Amino acid sequence: MEQKYKELQNQIKKANNIIVFSHVNPDGDTLGSNLAISMVIEKHFNKPVDSVYVGNMPNIYSYLPEFSRFKDVAQIDKNKKYDLAIAVDVASKDRMVTGTSIFDNSSYKVNIDHHITNNGYADLNIIDGHAACVGVILYDIFKFWSTEITKDVARCIYTSLMTDTGGFKYENTTPETFLLAAELVRLGVSPSFEY
């Protein structure tokens, strides 16, 4: 996996414009992951990022840091060619719906996911079917890059974790899940917040 993390880093460094996709009718994992990687790319690599969603945006996640940065994919020029497109928590390409053509038209495509059904539809596929959520994978990537995980990024990853483990009740909850949650709290996340 580390070689893939390095390749993603190289592609981000080479790109002049980047777009990050969430899946249709987004949940906390895809939105939290989208914001987390978007913020890290802008802060750590100093690259502009368009963060997009498809379908209906649930307002219950409006507490997320930089939530207002999200754009409906319909706001993106269909003819714009991105150097790098990243899909987070998008199990199959058709889950980007109208954004699929923009994704396909990008020079380099990345797929970061935790669904075992994902068939690896991108140039670079970072898929871990054992991860509780995409936030877990992103946390590993950021640590590998030696990137500072700010309180805002930690909050986004925590939302990802809480959503896809059902508040630590689903079968995908492991001892590692709690260790990551503890680390995110150490970074400033408040567990008493209404996630």
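In this predicted model, strand S2, which covers residues 49–54, pairs with S3 in the parallel sense over two bridges. One residue of S3 that takes part is Lys71, the bridge partner of Val52. This pairing belongs to an open sheet of six strands, joined in parallel and ordered S3-S2-S1-S4-S5-S6. Strand S3 (71–72) and strand S6 (124–127) stand at the edges of the sheet, and because each has a single partner strand, one side of each is left without a neighbour there.

Helices pack on this sheet. Helix H1, formed by residues 2–14, touches strand S1 (18–24), strand S4 (84–88), strand S5 (108–113) and S6, and its direction makes about 135 degrees with that of S6. Helix H2, formed by residues 28–44, lies across S1, S2, S4 and S5 and runs at about 175 degrees to S1.

A further contact joins helix H4 (residues 134–144) to helix H5 (residues 151–164), whose axes come within 7 Å and cross at roughly 145 degrees. On the H4 side the contact is made by Val134, Gly135, Val136, Tyr139 and Phe142, while H5 contributes Val153, Ile157, Ser160 and Leu161. Sorted by class, these residues of H4 and H5 comprise seven nonpolar, two polar and no charged ones.

The cysteines remain to be considered. With a disulfide taken as a pair of cysteine sulfur atoms within 2.5 Å, the count comes to zero. The sulfur of Cys133 has its closest cysteine sulfur in Cys156, at 12 Å, which is too far for a bond. Cys133 is buried, with a relative accessible area of 0%, and Cys156, at 0% relative accessibility, likewise counts as buried.

Technical notes. Residues numbered from 1 in each chain as written. Predicted model: local features only at pLDDT ≥ 70, side-chain atom pairs only at ≥ 80, totals over all residues. Heavy atoms only, no water. Pairing = 2+ DSSP bridges. Helix = DSSP H or I, 4+ residues; strand = E, 2+ residues; numbered from the N terminus. Contact = heavy atoms within 4.5 Å. Axes fitted to C-alpha atoms, helices over the stretch in contact; angles between N-to-C directions. Nonpolar A, V, L, I, M, F, W, Y, C, P; charged D, E, K, R; others polar. Buried < 20%, exposed > 50% of the residue type's maximum accessible area, 1.4 Å probe, protein only.
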